[in-house]
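Have the sequence and the model side by side. This report starts at one residue and works outward to the whole chain.

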Amino acid sequence: PEPGAMERPLSLRPVPPYKPLAEGQDAERGDMEGLEPEGLPRSTVVSLGPPPPPPPRDHLVWSLCTALYANACCLGFLALVFAVKSRDRKVLGDYSGALSYGSTAKHLNITAWVLSIFLVAIIIALVATSTINIMNLYYRELEDHPFLGPT
């Protein structure tokens with residue numbers, strides 16, 4: 001090619017020579033003279049192996065919710081750390097490491113939620129029983145000293 005051909009606009013470049021089509025040759029079929037469309041394959045089949053297994057779950061969102069709302073004994077934070085490690089392993093392609101870290105994050109999430117629910121239930125029970133005891137003490141004092149009550 002000419003050295004200045006690259007700088008010329010497309011409309012000013014010389015046209016490459018084309019050979020004229022022979023008599024009876026179709027422009028769309030080119031040099032495939034003599035082949036009928038029935039002889040050509042209509043589709044191509046690409047056989048792939050079995051589909052790859054789905055990547056292991058990392059439980060990152062669940063761990064984040066556990067760390068924010070049910071962080072009993074810092075287990076929610078530990079679950080979040082293991083979930084991030086699982087996501088890192090999954091990105092690197094180490095599916096066995098990701099599965100191990102993800103499983104640990106899942107078990108820590110379950111343990112954190114069970115402990116949190118148990119602690120909330122204990123706190124509700126303690127508040128309810130202490131309220132009942134205080135009310136009983138108040139009524140007992142009211143019976144012993146009637147002048148302490150409302151007039």
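Leaving aside neighbours within four places in sequence, S63 is in contact with G76, A79, L80, A83, A105 and N109. Contact here means heavy atoms within 4.5 Å. S63 sits in helix 1. Its relative accessible area is 0%, so S63 is buried. The cut-offs are these: buried is under 20% relative accessible area, exposed is over 50%, and partly exposed lies in between, with a 1.4 Å probe and protein chains only.

This is a predicted model, in which local features need pLDDT of at least 70, side-chain atom pairs count only at pLDDT 80 or more, and totals for chains, interfaces and linings use all residues. Residues are numbered from 1 along each chain as its sequence is written, and side-chain values use heavy atoms, with hydrogens and water left out.

**The overall plan**

The protein has three helices and zero strands. Along the sequence the pattern reads α-α-α. Helices (H or I, at least four residues) and strands (E, at least two) are DSSP runs, numbered from the N terminus. Of the 151 residues, 16% count as buried. Take the contacts with a separation of 6 or more: residues 24 or more positions apart account for 57% of them.

**Helix 1 against helix 2**

Helix 1 covers residues 60-69 and helix 2 covers residues 75-92. Their axes come within 8 Å and cross at roughly 160 degrees. That makes helix 1 roughly antiparallel to helix 2. Axes are lines fitted to C-alpha atoms, for helices over the stretch in contact, and angles run from 0 to 180 degrees between N-to-C directions. Angles under 35 degrees count as roughly parallel, over 145 as roughly antiparallel, 65 to 115 as roughly perpendicular, and the rest as oblique.

The crossing of helix 1 and helix 2 is left-handed. In a left-handed crossing the near helix is turned anticlockwise from the far one by less than a right angle; clockwise gives right-handed. Helix 1 brings L60, S63, L64, T66 and A67 to the contact. Helix 2 brings G76, F77, A79, L80, A83, V84 and R87. By class, the residues of this contact are eight nonpolar, three polar and one charged. Ala, Val, Leu, Ile, Met, Phe, Trp, Tyr, Cys and Pro count as nonpolar, Asp, Glu, Lys and Arg as charged, and the others, Gly among them, as polar.

**Helix 2 against helix 3**

The axes of helix 2 and helix 3 come within 8 Å and cross at roughly 160 degrees. Helix 2 and helix 3 are therefore roughly antiparallel to each other. Their crossing is left-handed. On the helix 2 side the residues include L75, G76, A79 and A83. On the helix 3 side they include Y95, T104, A105 and N109. This contact has twelve nonpolar, seven polar and three charged residues.

**Three residues to find**

The table gives accessibility for three residues.

| Residue | Place | Relative accessible area |
|---|---|---|
| H59 | segment before helix 1 | 16%, buried |
| C73 | loop between helix 1 and helix 2 | 64%, exposed |
| T104 | helix 3 (residues 95-144) | 27%, partly exposed |

Which residues does H59 touch, not counting those up to four places away in sequence? They are A83, G102, K106 and N109. H59 and T104 are 45 residues apart in sequence. In space, their C-alpha atoms are 9.8 Å apart.

Now look at the backbone. H59 has a positive phi of about 55 degrees, although it is not a glycine. C73 also has a positive phi, near 55 degrees, and is a residue other than glycine.

**What the record adds**

UniProt, in an unreviewed entry, places the feature "transmembrane region" at residues 60-84 and 113-139. UniProt positions follow the numbering used here, feature names are shortened, and annotations may be inferred rather than shown by experiment. Residues 60-84 are 80% helix and 0% strand, with end C-alpha atoms 7 Å apart. Residues 113-139 are 100% helix and 0% strand, and their end C-alpha atoms lie 39 Å apart.
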